[in-house]
Amino acid sequence: MRKFIINVNGNSYEVEVEEVGADSAAPAPAAPKAPTVSAAPKAAPKKQAAPVGKGEPVKAPMPGTVLDIKVANGASVKKGDVLVILEAMKMENEIMAPSDGVVTVVASKGASVNTGDVLVTLA
């Protein structure tokens, strides 16, 4: 068995390789070991969202771009009213009010949003 260190995408792995054609008196190979990572990448700390006002947050259900905001700050809306048009995967998605309330707009037109980002709040 020979040991090698292999670099893949910036990560180093130590592997053991058995030579083909080694003499037949060589011992049987041991159970395979999981590769060991000598330099594991660290995840970036998640940003804390700033407070977005009081009320029920209406969040983006998927990543996309805010194409249009159909309501203004302080507007009263009913359950099912369209609040925001979100473009995702070349499709326009209507984000509707989950309940009656008064709108506080958080997102801006043209902004890129991730899943779970707050678009508006309903008080």
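Here are three short exercises on the structure above, each with a worked solution.

This is a predicted model, where local features need pLDDT of at least 70, side-chain atom pairs count only at pLDDT 80 or more, and totals for chains, interfaces and linings use all residues. Residues are numbered from 1 along each chain as its sequence is written, and side-chain values use heavy atoms, with hydrogens and water left out.

**Exercise 1.** Find which strands give two or more residues to the largest nonpolar core.

*Solution.* Start with the term: a nonpolar core is a set of buried Ala, Val, Leu, Ile, Met, Phe, Trp, Tyr and Cys residues joined through side-chain atoms within 4.5 Å, and buried means under 20% relative accessible area (1.4 Å probe, protein chains only). Next, the largest such core has 17 residues, and V77 and L83 are among those with the most contacts inside it. The elements you want are β7 (82-88), β9 (101-105) and β11 (118-122); strands are DSSP runs (E, at least two), numbered from the N terminus.

**Exercise 2.** Name the residues that V77 touches beyond its neighbours within four places in sequence.

*Solution.* Contact means heavy atoms within 4.5 Å. With those neighbours set aside, V77 meets V71, L83, A97, S99, D100, G101, V103 and L122.

**Exercise 3.** Work out which strands stand at the edges of the open sheet.

*Solution.* First, write the order of the 4 strands: β8-β7-β5-β10, with antiparallel pairing. Then look at the ends: β8 (91-96) and β10 (112-113) each have a single partner strand, so one side of each lacks a neighbour in the sheet. Two strands pair if DSSP finds at least two bridges between them. Finally, β5 (residues 64-69) and β10 pair over 2 bridges, and G64 stands opposite V113 in β10.

How values were computed: Buried means under 20% relative accessible area, exposed over 50%, partly exposed in between (1.4 Å probe, protein chains only).
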